[in-house]
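This report walks through local backbone features, side-chain packing and ring contacts in one protein chain. Please keep the sequence and the structure in view while reading.

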Amino acid sequence: MKRYGFNMLWMFYWQGKAAAKPSMKQLDFIAKRGFNFIRVPMDYRFWTKDFDYLNPDERVFEKIDSYLTACRERGLHMSLNLHRAPGYCINNIEIERHNLWKDKQAQDAFVFLWEGFARRYKGISSDELSFDLLNEPPDIGENGFTRKRHEKVMRRTIDAIRAIDADRLIILNGIGGGGVAIPELADTGTIHSGRGYAPYTVSHYKAEWTEMPKGYKWQKPVYPGIMDGELWDKTALKEYYKLWREVETSGVEIHIGEFGCYNKTPNNVALSWLGELLEIFGEYKWGYALWNFEGAFGIVEHGRPGAKYEMLDGFKVDRELLELLLSNMI
């Protein structure tokens, strides 16, 4: 998993509209710079109506086929991810009818979906396609989540996929929103996917969807420096990934499936933090995928205060950020 690239939000959040078409212009830009990884977070509601999990509209899967074709044509590995799964999403969980951690309906549906993808893409090399089972499982105690329940669902799903396609590359996200290592699943032969959002008060400064404590007052981001009473610098970042490094010693490969900085953080602070974060990923030889390409976290017109852009192949690009991404690829 020495793979580097971007999250593409073509099927990220269903709002009653069809999924987006893949942008060939964006993919051409990405491939031309030597990136080789595209993560596609998906919302199951694009193909499921009224929680009828076992009767998907398979015509929607043709759109996923088009994503895979576009990536394969450019030598880009595509990683399919369930961002919203039956019974769970890190955002707006209240709209779900069932609970992935407690309800058989949701668990059966989760396995059913991945079995379907396994059959559909059997024969596609794992060099070109991986399955990222579930985006950012929650903290212990949230919505009935426990490590034991999570492990049971993941093991069942891994076994179901491998019964159909024994060679499929499978990725598991850390728990606690993706940031907490999962040594209990180190024996599954899967890639473990971490996050690059610490400190959250830098990466998500004033993000409107964050659930901060009532009355919380955002501190203007600094890096390196003290945020919410805690010193954050390169040493602190390495300490944050200590448990991930310990899991790695058992033979698990680590990939950072998401990282990035929201556009309310001043760009000089964002670049200072991202620079040291990427240096660590480079030192550890971990691949990574920025959230996202074009948008508030991306390299194209992200809008962070003080940013400077350069026109490259028709895009207004934060060239400094692009160079940080490229310089830490192994």
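## Backbone features in the loops

In this predicted model, Phe 51 lies in the loop between β2 and α2, where its phi is positive, at about 60°, although the residue is not a glycine. With a relative accessibility of 25%, Phe 51 counts as partly exposed. Asn 92 is another non-glycine residue with a positive phi, in this case about 50°, and its place is in the loop between β3 and α3. Asn 92 is partly exposed, its relative accessible area being 36%.

Two cis peptide bonds can be described alongside these residues. One joins Tyr 223 and Pro 224, with omega at about -10°, and Pro 224 is found in the loop between α5 (200-203) and β7 (225-227). The other runs from Trp 291 to Asn 292 with omega near 0°, and Asn 292 is found in the loop between β10 and β11.

## Helix α2 and its surroundings

How does the span of helix α2 agree with the value it should have at 1.5 Å a residue? The helix covers residues 61-73, and its 13 residues should span 18 Å at that rise, which agrees with the 18 Å between its end C-alpha atoms. Just after α2, Gly 75 takes a positive phi of about 70°.

Within α2, the buried residues are Phe 61, Ile 64, Tyr 67, Leu 68, Ala 70 and Cys 71. An α-helix has 3.6 residues a turn, so residues three or four places apart point the same way. The packing partners of the buried residues of α2 are α1, β2 (37-43), β3 (77-84), α3 (104-120) and β4 (129-132).

## Nonpolar cores

The largest nonpolar core has 94 residues, and the members that touch the most others are Trp 47, Leu 80 and Ile 299. Helix α8 (residues 267-284) gives the most to this core, contributing 10 residues. A second, separate core is made up of 6 residues, including Met 1, Phe 37, Ile 171 and Ala 289. In soluble globular proteins, nonpolar side chains tend to be buried together.

Which residues are in contact with Leu 80, once its neighbours within four places in sequence are left aside? They are Val 40, Met 42, Ile 64, Trp 114, Phe 117, Tyr 121, Leu 129, Ser 130, Phe 131 and Asp 132. Among these, Ile 64 is also one of the buried residues of α2.

## The surroundings of His 255

His 255 lies in strand β9 and, at 2% relative accessibility, counts as buried. Leaving aside neighbours within four places in sequence, its contacts are Met 1, Arg 3, Phe 37, Ile 191, His 192, Ser 193, Gly 194, Gly 287, Tyr 288 and Ala 289. Of these contacts, Met 1, Phe 37 and Ala 289 also belong to the second core.

## Aromatic pairs and charges over rings

The structure holds 32 aromatic pairs. In one of them, the rings of Phe 12 and Trp 291 have centres 5.2 Å apart and planes at 75°, so the pair is edge-to-face. The two residues come from distant parts of the chain, 279 residues apart: Phe 12 is in the loop between β1 (4-7) and α1 (24-32), whereas Trp 291 is in the loop between β10 (287-290) and β11 (310-312). Phe 12 counts as partly exposed at 22% relative accessibility, while Trp 291 counts as buried at 10%. Another edge-to-face pair is formed by Phe 259 and Phe 281, with 5.9 Å from centre to centre and 85° between the planes. Since Phe 259 lies in strand β9 (residues 254-259) and Phe 281 in helix α8, this pair ties together parts that are 22 residues apart in sequence. Both Phe 259 and Phe 281 are buried, and both take part in one aromatic cluster with Tyr 4, Trp 232, Tyr 240, Tyr 241, Tyr 284, Trp 286 and Tyr 288.

Charged side chains also sit over aromatic rings. The charged end of Lys 25 is over the ring of Phe 315, at 4.8 Å from its centre. The charged end of Arg 168 is over the ring of Phe 131, at 5.3 Å from its centre, and Phe 131 is also one of the contacts of Leu 80.

Note on methods. Residues numbered from 1 in each chain as written. Predicted model: local features only at pLDDT ≥ 70, side-chain atom pairs only at ≥ 80, totals over all residues. Heavy atoms only, no water. Core = buried A, V, L, I, M, F, W, Y, C linked by side-chain atoms within 4.5 Å. Buried < 20%, exposed > 50% of the residue type's maximum accessible area, 1.4 Å probe, protein only. Helix = DSSP H or I, 4+ residues; strand = E, 2+ residues; numbered from the N terminus. Contact = heavy atoms within 4.5 Å. Phe/Tyr/Trp six-rings, centres within 6.5 Å; stacked < 30°, edge-to-face > 60°. Lys NZ or Arg CZ within 6 Å of the ring centre and 35° of its normal. Expected span 1.5 Å × (residues − 1).
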